[in-house]
Amino acid sequence: MAQKKTKGIVLSRNISGEADYVCSILTEDCGKEKFIFKGLKKSLKRPKSASEPGTFLDLVYYSRDSLSINTVSEFSIFFDNSQFRKNEKTISSLYYIVDLIDSTTATSDANTSLYNLVAYGLYTLSKTENHLHFLIFFMVRYLMIQGILPELRACSWCGASTGEEFFLNRANLKLSCTKCLCDDNSISGKAVIFLQQALDKKFVNIKISQFQNGEIIPLFDSLHNYIESYFGTKLKSYKIIRQYLATDIY
Ligand SMILES: [Zn+2]
């Protein structure tokens with residue numbers, strides 16, 4: 001058994017036996033992996049918060065090729081999940097993001113871009129008050145990294161990239177210009193502009209005050225539905241965050 005080191009972000013936690021936690025962790029070096037923290041549940045010396053979703057860890061662990069679960073031998077926390085407990089919207093947003101990543105990424109598939117997106121994303125989430133804007137931004141960037149975001153800078157039918165207005169189909173996220181529009185299931189206006197800015201700008205450089213929650217929440221729903229249908233999964237964290245986001249609209 002070789003001893004290895006990596007950095008990781010906890011995505012989910014399950015109790016195993018009387019005293020152990022088994023966590024799904026997105027690691028910097030090996031992608032998503034399962035890790036067991038033996039005895040942590042009953043430990044008086046080691047912090048249990050190491051196993052909570054949203055915690056960033058330095059890990060030393062052993063792995064055996066015959067087992068799919070790695071055994072943690074040492075860890076230290078370098079970003080604590082209490083950073084997200086400032087309010088319910090922040091913690092619900094965190095749970096949505098870790099649920100999204102845990103439910104839709106493959107095991108043992110190393111991806112530096114994905115690790116960086118989640119790491120910078122969670123730092124940003126811990127500081128922002130604009131949860132809806134941030135979640136849409138994160139989902140757009142996640143779909144880009146996964147290579148499954150349709151072309152959003154030009155009409156998907158005629159290729160026109162300049163025009164007065166574009167329309168985003170709620171179901172397949174295809175963009176239409178005014179001439180090519182042939183359905184009545186589209187989002188338009190500020191929401192499409194916000195989406196295009198999320199492709200090109202850093203989150204901190206988007207002028208959030210130009211985009212009201214009520215204008216962009218259809219984007220959140222469409223991206224969420226697209227993700228669930230593409231990956232064939234249901235995100236159990238959706239209902240709660242959606243309720244909090246709805247309270248910001250009116
Ligand atoms: Zn067109």
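This is a short tour of selections to make in the viewer, one stop after another. The model is predicted.

**Stop 1: the zinc site**

Select the zinc ion. Four sulfur atoms coordinate the zinc ion at 2.3 Å: the SG atoms of C155, C158, C177 and C180. What arrangement do the four donor atoms make around the zinc ion? The angles they subtend run from 103 to 117°, so the arrangement is tetrahedral. Along the chain, the donors of the zinc ion are spaced as C-x2-C-x18-C-x2-C.

Now keep C155 and C177 in view. This pair links distant parts of the chain, 22 residues apart. C155 sits in the loop between helix 3 (131–145) and strand 6 (166–169). C177 belongs to strand 7 (residues 175–177). Is C155 buried or exposed? Its relative accessibility is 4%, so C155 counts as buried. C177 is buried too, because its relative accessible area of 9% falls under the 20% cut-off.

**Stop 2: the three-stranded sheet**

Select strands 6, 7 and 8. They form an open sheet of three strands, in the order 7-6-8, with antiparallel pairing. Which strands are the edge strands? They are strand 7 and strand 8 (186–187), and each pairs on one side only.

Look at the pairings in turn. Strand 6 and strand 7 run antiparallel and are joined by three bridges. Pick F167 here: its bridge partner in strand 7 is S176. Strand 6 and strand 8 also run antiparallel, with two bridges between them. On that side, pick N169, whose bridge partner in strand 8 is S186.

Next, show the side chains of strand 6. In a regular strand, side chains alternate between the two faces of the sheet. Both faces of strand 6 are covered. F166 and L168 lie on one side, F167 and N169 on the other, and all of them are buried.

**Stop 3: the hairpin**

Follow the chain from strand 6 to strand 7. The hairpin has five residues between the strands. Select L173 in this loop. What is the phi of L173? The value is near 60°, which is positive in a residue other than glycine. Most residues other than glycine have a negative phi. L173 is also buried, as its relative accessible area is 2%.

**Stop 4: the helix on the sheet**

Return to the sheet, where strand 7 and strand 8 are the edge strands. Add helix 4 (residues 190–200), which packs on the sheet. Helix 4 touches strand 6, strand 7 and strand 8. The direction of helix 4 makes about 80° with that of strand 6.

**Stop 5: a buried asparagine**

Move to N81. This residue lies in the loop between strand 5 (69–79) and helix 1 (88–104). With a relative accessible area of 2%, N81 is buried. Which residues does N81 touch, leaving aside those up to four places away in sequence? They are E52, P53, G54, T55 and L94.

**Stop 6: two packed helices**

Select helix 1 and helix 6 (residues 238–246). Two packed helices are described by the angle between their axes and the distance between the axes. For helix 1 and helix 6, the angle is about 145° and the axes are 9 Å apart. The crossing of helix 1 and helix 6 is left-handed. Show the residues that make this contact. From helix 1 they are E88, K89, S92, S93 and Y96. From helix 6 they are Y238, I240, I241 and Y244.

**Stop 7: two serines**

Select S108, in the loop between helix 1 and helix 2. Phi of S108 is near 55°, a positive value in a residue other than glycine. S108 is partly exposed, with a relative accessible area of 46%.

Finish at S113, which is found in helix 2 (residues 112–127). S113 is partly exposed, with a relative accessible area of 44%. Add Y142, which is 29 residues away from S113 along the chain. How far apart are the C-alpha atoms of S113 and Y142? They are separated by 9.5 Å.

How values were computed:
Residues are numbered from 1 along each chain as its sequence is written. This is a predicted model: local features need pLDDT of at least 70, side-chain atom pairs count only at pLDDT 80 or more; totals for chains, interfaces and linings use all residues. Side-chain values use heavy atoms; hydrogens and water are left out. Donors are N, O and S atoms within 2.8 Å of the metal (3.2 Å for Na, K and Ca); water is not among the atoms, so sites may look incomplete. Four donors count as tetrahedral if all angles lie between 85 and 135 degrees; four count as square planar and six as octahedral if opposite donors are over 155 degrees apart and all others between 65 and 115; anything else is irregular. Helices (H or I, at least four residues) and strands (E, at least two) are DSSP runs, numbered from the N terminus. Buried means under 20% relative accessible area, exposed over 50%, partly exposed in between (1.4 Å probe, protein chains only). Two strands pair if DSSP finds at least two bridges between them. Contact means heavy atoms within 4.5 Å. Axes are lines fitted to C-alpha atoms, for helices over the stretch in contact, and angles run from 0 to 180 degrees between N-to-C directions. A crossing is left-handed if the near helix is turned anticlockwise from the far one by less than a right angle, and right-handed if clockwise.
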